[in-house]
Amino acid sequence: YNANTESTTNTVVAKYTTIPVTKTGKEEDKEGEPGDEFVEIGGIATYTIETYIPSEVNIFTLTDTLTNATYNTDSVDVRIQGIEGNLAANDGVVTFGDGNMTISLTDYLDGNAGKKVTITYDVTVTGTIVENDVIANDGKHEYDENVSVKLYTGAITMTKWDQKKTEKLQGAVFNVKDKNNNILTFTYDSVNN
């Protein structure tokens, strides 16, 4: 702890030598409610990053990299414990590059050391394996390289054949259900089905 011995307040802020960064992902079902383990291509997945403001540094950024999904840029929510409102609305806090998002919290370092940071955002899935990494940088503290979350989705191909199995039947309809007996929605491809 780095505490001023002459302080008249009794507030002590713990100062990390290794800043913890955690990341979780949660899929949503078609109604926008938390889902189980599956999100289809074209569906929405929500991610949460949690960390803490480091002390005695001049910069603090988090770089999030995404593969097989696209950021829903309007969904980003950045909160620092004790500061009101979504900081993503402020200029320069969130920027997007080629497959990545950078969150700069440099302007919020003064007086916020040790405070919890929570970042949530949605992505639209475009591939069968979504990889999502975040790397923190303050130029001084150690971080556990990067924090990674993988989301797996899938695709199925079904074909209905005539009784002799020589011709595909046009207009075939299939009901596919998940483990909870919910009917899943698939895009129908008339060329292959």
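These exercises work through a predicted model, one feature at a time.

**Exercise 1. The nonpolar core**

Task: Find how many residues the largest nonpolar core has, and which residues have the most contacts inside it.

Solution:
- Step 1. Count the members. The largest nonpolar core has 33 residues.
- Step 2. Pick out the best-connected ones. Leu105 and Tyr121 have the most contacts inside this core.
- Step 3. Look at the strands that supply it. Strand 2 (44-52), strand 3 (61-67), strand 4 (69-71) and strand 5 (77-80) are among those that each give at least two residues. So much for the early part of the chain. Strand 7 (100-104), strand 8 (116-125), strand 9 (129-137) and strand 10 (147-152) also each give at least two.
- Step 4. Name the top supplier. Strand 8 gives the most, with five residues.
- Step 5. Recall the general trend. In soluble globular proteins, nonpolar side chains tend to be buried together.

**Exercise 2. Tyrosine 121**

Task: Decide whether tyrosine 121 is buried, partly exposed or exposed, and list what it touches.

Solution:
- Step 1. Read the relative accessible area. For tyrosine 121 the value is 1%.
- Step 2. Apply the cut-off. Buried means under 20%, so tyrosine 121 is buried.
- Step 3. List the contacts, leaving out residues up to four places away in sequence. Tyrosine 121 touches Lys23, Ala45, Thr46, Tyr47, Ile49, Asp64, Tyr71, Ser75, Val76, Met101 and Asn132.

**Exercise 3. Aromatic pairs**

Task: Find how many aromatic pairs the structure holds, and classify two pairs that include tyrosine 71.

Solution:
- Step 1. Count. The structure holds three aromatic pairs.
- Step 2. Take tyrosine 71 with phenylalanine 96. The ring centres are 5.6 Å apart and the planes stand at 55 degrees, so this pair is tilted.
- Step 3. Place both residues. Tyrosine 71 is in strand 4 and phenylalanine 96 is in strand 6 (residues 94-96), so the pair ties together parts 25 residues apart in sequence.
- Step 4. Check exposure. Tyrosine 71 is buried at 14%. Phenylalanine 96 is partly exposed at 36%.
- Step 5. Take tyrosine 71 with tyrosine 121. Here the centres are 5.8 Å apart and the planes stand at 50 degrees, so this pair is tilted.
- Step 6. Place this pair too. It links tyrosine 71 in strand 4 with tyrosine 121 in strand 8, 50 residues apart.
- Step 7. Put the rings together. Tyr47, Tyr71, Phe96 and Tyr121 form one aromatic cluster.

**Exercise 4. Salt bridges**

Task: Find how many salt bridges the whole structure has, then describe the pairs and their exposure.

Solution:
- Step 1. Count. A search of the whole structure finds two salt bridges.
- Step 2. Describe one. The side chains of glutamate 50 and lysine 116 meet at 3.5 Å, N to O.
- Step 3. Locate the partners. Glutamate 50 is in strand 2 and lysine 116 is in strand 8, 66 residues apart, and the pair links distant parts of the chain.
- Step 4. Check exposure. Glutamate 50 is partly exposed at 29% relative accessibility. Lysine 116 is partly exposed at 29%.
- Step 5. Describe the other. Arginine 79 bridges to aspartate 77, with the closest N and O atoms 2.7 Å apart.
- Step 6. Check exposure again. Arginine 79 is partly exposed at 36%, whereas aspartate 77 is buried at 18%.

**Exercise 5. The faces and partner of strand 9**

Task: Sort the residues of strand 9 into a covered and an uncovered face, and find how strand 9 pairs with strand 3.

Solution:
- Step 1. Take the covered face. Val130, Asn132, Val134 and Ala136 belong to it.
- Step 2. Take the uncovered face. Ile129, Glu131, Asp133, Ile135 and Asn137 belong there.
- Step 3. Find the pairing. Strand 3 and strand 9 run antiparallel, over seven bridges.
- Step 4. Follow one bridge. Leucine 66 has asparagine 132 of strand 9 as its bridge partner.

**Exercise 6. Positive phi**

Task: For asparagine 68 and lysine 165, give the phi value, the place in the chain and the exposure.

Solution:
- Step 1. Start with asparagine 68. Its phi is positive, about 65 degrees, although it is not a glycine.
- Step 2. Place asparagine 68. It sits in the loop between strand 3 and strand 4, and is partly exposed at 35%.
- Step 3. Turn to lysine 165. Its phi is also positive, near 60 degrees.
- Step 4. Place lysine 165. It lies in the segment after strand 10, and is exposed at 66%.

Definitions and conventions. Residues numbered from 1 in each chain as written. Predicted model: local features only at pLDDT ≥ 70, side-chain atom pairs only at ≥ 80, totals over all residues. Heavy atoms only, no water. Core = buried A, V, L, I, M, F, W, Y, C linked by side-chain atoms within 4.5 Å. Buried < 20%, exposed > 50% of the residue type's maximum accessible area, 1.4 Å probe, protein only. Helix = DSSP H or I, 4+ residues; strand = E, 2+ residues; numbered from the N terminus. Contact = heavy atoms within 4.5 Å. Salt bridge = Lys/Arg side-chain N within 4 Å of Asp/Glu carboxyl O. Phe/Tyr/Trp six-rings, centres within 6.5 Å; stacked < 30°, edge-to-face > 60°. Pairing = 2+ DSSP bridges.
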